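Subject: Structure handover

Hi there,

Here is the structure I promised to pass on to you. Have a look at it first, and then read on for my notes.

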Amino acid sequence: MNERLYVAAAALTDAQRRQDRGAFFGSLHATLEHLLYADAAWMRRFRGAEPAADTHYAEFTQMQAARAQMDAEILDWSGQLSADWLAADFEYYSQSYKAPFKRPAWILVAHFFNHQTHHRGQITTLLSQCGIDPGITDLPLVPGLG
């Protein structure tokens, strides 16, 4: 889905992607950037590393390449998850809340994917505001996923 949304966003000019459209992060570019940063932060946590500093991308094509790399990492990681790891407690420190947390890993993984879905919904709205149809987003109807 990320690949499809980036292809749709590439049809816009940089100025259109960066235009404040009243979304939570303002622009389409900033929303895409936030989603990529959050995914990277969670992946680093899940892999036992400290989250990296917030990254900003001056060039859309650089962010698109980083997104593709992150998606490949997520696919690799998710293919290695075990029921035991998912059932165990997972401890981490939240930079956003400045506090430590301990939750079952399965809840955090569900949050990880739910967060992506939430922001991709915003992205499809922002694309629609620009006159771009992002296409079908209902997973059972997406061609090639069956």
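One definition before the notes: a salt bridge here is a side-chain nitrogen of Lys or Arg within 4 Å of a carboxyl oxygen of Asp or Glu. Please also keep in mind that this is a predicted model.

**Salt bridges**

By that rule the count comes to 7 salt bridges. Side chains of opposite charge can pair when their charged atoms come close. D14, R17 and R18 are linked in a network of such bridges. Within this network, the side chains of D14 and R18 meet at 3.0 Å, N to O. Both D14 and R18 belong to helix α2 and sit 4 residues apart, about one turn of the helix. D14 is partly exposed, with 34% relative accessibility, and R18 is also partly exposed, at 35%.

Another salt bridge joins the side chains of R47 and D76, at 3.7 Å from N to O. This pair links distant parts of the chain, with R47 in the loop between α3 and α4, D76 in helix α4, and their positions 29 residues apart. R47 has a relative accessible area of 41%, so it counts as partly exposed. For D76 the value is 44%, again partly exposed.

The side chains of D89 and K102 also form a salt bridge, at 4.0 Å from N to O. D89 lies in strand β1 and K102 in strand β2, so this pair ties together parts that are 13 residues apart in sequence. K102 is partly exposed, at 47% relative accessibility.

**The β1/β2 hairpin**

Strands β1 and β2 run antiparallel and are joined by 6 bridges. D89 turns up again here, with P104 as its bridge partner in β2. Which side chains of β1 point to the buried face? They are F90, Y92 and S94, while D89, E91 and Y93 point to the other face and are not buried.

The hairpin has 4 residues between its strands, and K98 there takes a positive phi near 50 degrees. K98 is a residue other than glycine, which makes this a value to look at in your own viewer. The loop that holds K98 runs between β1 (89-94) and β2 (99-104). Is K98 buried or exposed? With a relative accessible area of 58%, K98 is exposed.

**Helix α3 and its ends**

Helix α3 covers residues 28-46, which makes 19 residues. From its first C-alpha to its last, α3 reaches 27 Å, close to the 27 Å expected at 1.5 Å a residue. How many residues of α3 are buried? The count is 15 of the 19, so α3 is largely enclosed by the rest of the structure.

R45 is found in this helix. At 13% relative accessibility, R45 falls under the 20% cut-off, so it counts as buried. Leaving out residues up to four places away in sequence, R45 touches P51, F90, Y92, Y93, S94 and Q95. Of these, F90, Y92 and S94 are the β1 residues described above as buried.

At the start of α3, a side-chain oxygen of S27 reaches to within 3.4 Å of the backbone nitrogen of H29. S27 itself is in the loop between α2 (14-18) and α3. S27 is buried, with a relative accessible area of 7%. Apart from its neighbours within four places in sequence, S27 is in contact with R17, R18, Q19, D20 and L126. Two of these names, R17 and R18, will be familiar from the salt-bridge network with D14.

Just after α3, G48 takes a positive phi of about 85 degrees. Further along, D54 lies in the loop between α3 and α4 (60-78). D54 is partly exposed, with a relative accessible area of 47%. The C-alpha atoms of D54 and L141 are separated by 34 Å, and these residues are 87 residues apart along the chain.

That is what I have on this one. Happy to talk through any of it.

Best wishes

Notes:
Residues are numbered from 1 along each chain as its sequence is written. This is a predicted model: local features need pLDDT of at least 70, side-chain atom pairs count only at pLDDT 80 or more; totals for chains, interfaces and linings use all residues. Side-chain values use heavy atoms; hydrogens and water are left out. Helices (H or I, at least four residues) and strands (E, at least two) are DSSP runs, numbered from the N terminus. The expected span of a helix is 1.5 Å times one less than its number of residues. Buried means under 20% relative accessible area, exposed over 50%, partly exposed in between (1.4 Å probe, protein chains only). A polar contact is a pair of N or O atoms within 3.5 Å; within protein, one must be able to donate a hydrogen and the other to accept it, and residues adjacent in sequence count only if both atoms are side-chain atoms. Contact means heavy atoms within 4.5 Å. Two strands pair if DSSP finds at least two bridges between them.
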